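Q: Hello! I am new to this structure and would love a close look at a single part of it. Could you walk me through the details?

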Amino acid sequence: MAGGNERSMKALKEVWRRAENSFCADCGRPDPDWASSTLGVFICLSCSGIHRNIPSISKVKSLKMDHWDDAQVQFLAKHGNAVTKATYEAHIPIYYYQPTYNDCQVLREQWIRAKYERKEFTEPGKHLPYSDGVKEGILWKRGRDNGQFLPRKFLLSEREGCLKYFTKQDAKEPKISVKIDVINATFQPVKIGNPNGLQITCLKDNKTRNIFVYHESGKEVVDWFNAIRSVQFHYLKVAFPIASDNEIKNRLTRNFLKEGYMEKTGPKQREAFKKRWFTLDHRRLMYFKDPLDAFAKGEVFVGSRENGYSVEKGLPSGTQGNFSWHYGLTIVTPDREYLFTCETETDQMDWIAAFTSIINQAMTPQEYASKCLDAISFLS
């Protein structure tokens with residue numbers, strides 16, 4: 001730590017060591033080594049870069065490399081993460097998604113700006129742009145067939161319990177109308193190729209449909225994301241009146257457990273292995289020819305161990321299909337075995353860990369019902 005007298009450095013270290021300051025105030029990353037001298041919070045390097053973009057609100061300094069004078073250290077000591085959070089996070093709606101260090105840049109940036117710049121959570125009952133139960137606007141949507149992003153009107157309605165989109169702004173009938181309880185939304189900036197890319201997944205005629213959208217404004221796309229969560233929350237409160245708020249919160253939008261390329265063979269296990277993009281969305285394993293396909297080419301339900309599901313490292317001896325990747329894994333179900341190969345051992349172990357985490361969880365009554373309704377297919 002450069003500069004500063006011994007007393008200031010000792011006092012700074014004492015504040016820094018407090019349990020409340022051992023995690024980034026904004027994303028929860030352990031061992032933050034930056035702080036805001038104007039807000040009094042301890043933050044990680046990544047979040048400090050976002051703070052640096054709002055200099056009228058936050059002045060950031062390194063705890064290791066920068067000089068902290070007595071007044072600044074006293075300010076940190078008086079505030080710290082707990083006191084500051086009590087002010088800026090006092091009234092966060094239960095449905096609002098609070099990102100972690102594993103989340104993408106746009107989610108973390110808008111979370112930080114919502115707290116400190118817009119002060120969205122400092123007062124009870126404050127009007128929020130994603131809390132009205134209705135949201136209408138333009139999102140750039142990827143065409144299902146041509147792959148072009150074009151502006152489309154979207155309408156989210158809590159009263160109707162659905163999300164609609166229209167091909168023309170003055171269209172009377174929507175192109176698609178989807179019930180809110182079968183919708184998921186997750187940010188996919190890398191896959192979509194836009195920092196504000198959002199993937200909306202829904203069940204339509206018992207098939208998974210992917211809708212890829214973005215907005216030029218990071219705030220607007222995150223508002224859409226939280227508006228979906230808000231409408232879902234209020235819908236589920238009515239549908240499950242005895243469930244606690246936290247139980248309902250855990251049923252809102254979710255990130256995929258794992259995505260990536262694997263090779264697969266067909267049901268006879270003698271066909272050539274083909275490279276496909278796989279998505280594990282809780283108990284639903286889907287595969288696509290291209291990561292941005294609108295519909296999955298096949299899906300399989302992944303149940304629990306007590307119901308006869310397991311994952312095994314490697315392929316069964318005597319597997320005849322030709323494959324170019326040599327790190328195999330086998331999903332065992334009551335009906336058949338599904339064979340996959342991965343490009344690297346790391347990929348193999350990551351997929352096995354993801355499947356194991358699901359298989360080790362007991363199935364809920366809703367998941368039993370979902371399994372019965374699914375027309376499970378896994379086409380080659």
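Is Asp281 buried or exposed, and at what relative accessibility?

A: Happy to help! A word first: this is a predicted model. Asp281 has a relative accessibility of 7% and counts as buried, because buried means under 20% relative accessible area.

Let us start from Asp281 and follow its partner. Asp281 forms a salt bridge with Arg254, and the closest N and O atoms of the two are 2.7 Å apart. This salt bridge connects distant parts of the chain: Asp281 belongs to strand β12, which covers residues 274-281, while Arg254 sits in the loop between α8 and β11, with 27 residues separating the two. The partners differ in how much they show to the outside: Arg254 is partly exposed at a relative accessible area of 37%, whereas Asp281, at 7%, is buried.

Now stay in the loop that holds Arg254 and look at Thr253. Thr253 is placed between α8 (245-249) and β11 (258-264). With a relative accessibility of 10%, Thr253 is buried. The side chain of Thr253 makes a polar contact of 2.6 Å with the side chain of Arg229. Once neighbours within four places in sequence are set aside, the residues touching Thr253 are Asn184, Ala185, Phe225, Ile228, Arg229 and Gln232. So Arg229 turns up both as a polar partner of Thr253 and, because contact means heavy atoms within 4.5 Å, in the list of its contacts.

A further salt bridge brings in the residue that begins α8, a helix running over 245-249. The side chains of Asp245 and Lys237 meet at 2.8 Å, N to O. Here both partners are partly exposed: Asp245 has a relative accessibility of 34%, and Lys237 has one of 32%.

It helps to place this part within the whole chain. The domain assignment gives domain 1 (1-117), domain 2 (134-250) and domain 3 (258-378). A search of the whole structure finds 17 salt bridges, and the pair of Arg254 and Asp281 is one of the salt bridges described here.

Another salt bridge worth a visit joins the side chains of Asp26 and Lys115, at 2.6 Å from N to O. This pair also ties together distant parts of the chain: Asp26 is in the loop between α1 and β1, Lys115 is in helix α5, and their positions lie 89 residues apart along the chain. Asp26 is buried at a relative accessibility of 5%, and Lys115 is buried too, with a relative accessible area of 0%. The two residues also take part in a network of salt bridges that links Asp26, Lys85, Glu89 and Lys115.

The loop that holds Asp26 has other residues to look at. Pro30 is also found between α1 and β1, and with 37% relative accessibility Pro30 is partly exposed. Leaving out neighbours within four places in sequence, Pro30 is in contact with Ser22, Phe23 and Tyr101. The C-alpha atoms of Pro30 and Ile43 are separated by 9.3 Å, with the two residues 13 apart along the chain. Asp31 lies in that loop as well, between α1 (6-16) and β1 (34-36). Asp31 is exposed, at a relative accessible area of 65%, and its phi is near 55°, a positive value in a residue other than glycine.

Lys119 also has a positive phi although it is not glycine, with a value near 50°. Lys119 is in the loop between α5 (105-117) and β4 (134-142), and is partly exposed at 40% relative accessibility.

Finally, consider how domain 1 and domain 2 meet. Their C-alpha centres lie 33 Å apart, and 8 residues of domain 1 are in contact with 17 residues of domain 2. About 1100 Å² is buried between domain 1 and domain 2, with carbon and sulfur atoms giving 72% of that area. On the domain 1 side, Ile94, Tyr95 and Val106 lose the most area to domain 2, together accounting for 54% of what that side buries. There are 0 salt bridges between domain 1 and domain 2, and 2 residue pairs are in polar contact across their interface. The residues of domain 1 that touch domain 2 comprise 7 nonpolar, 1 polar and no charged.

Technical notes:
Residues are numbered from 1 along each chain as its sequence is written. This is a predicted model: local features need pLDDT of at least 70, side-chain atom pairs count only at pLDDT 80 or more; totals for chains, interfaces and linings use all residues. Side-chain values use heavy atoms; hydrogens and water are left out. Helices (H or I, at least four residues) and strands (E, at least two) are DSSP runs, numbered from the N terminus. Buried means under 20% relative accessible area, exposed over 50%, partly exposed in between (1.4 Å probe, protein chains only). A polar contact is a pair of N or O atoms within 3.5 Å; within protein, one must be able to donate a hydrogen and the other to accept it, and residues adjacent in sequence count only if both atoms are side-chain atoms. Domain bounds come from an automatic or database domain assignment. Buried area is the accessible area (1.4 Å probe) that two parts lose on being put together, summed over both. A salt bridge is a side-chain nitrogen of Lys or Arg within 4 Å of a carboxyl oxygen of Asp or Glu. Ala, Val, Leu, Ile, Met, Phe, Trp, Tyr, Cys and Pro count as nonpolar, Asp, Glu, Lys and Arg as charged, and the others, Gly among them, as polar.
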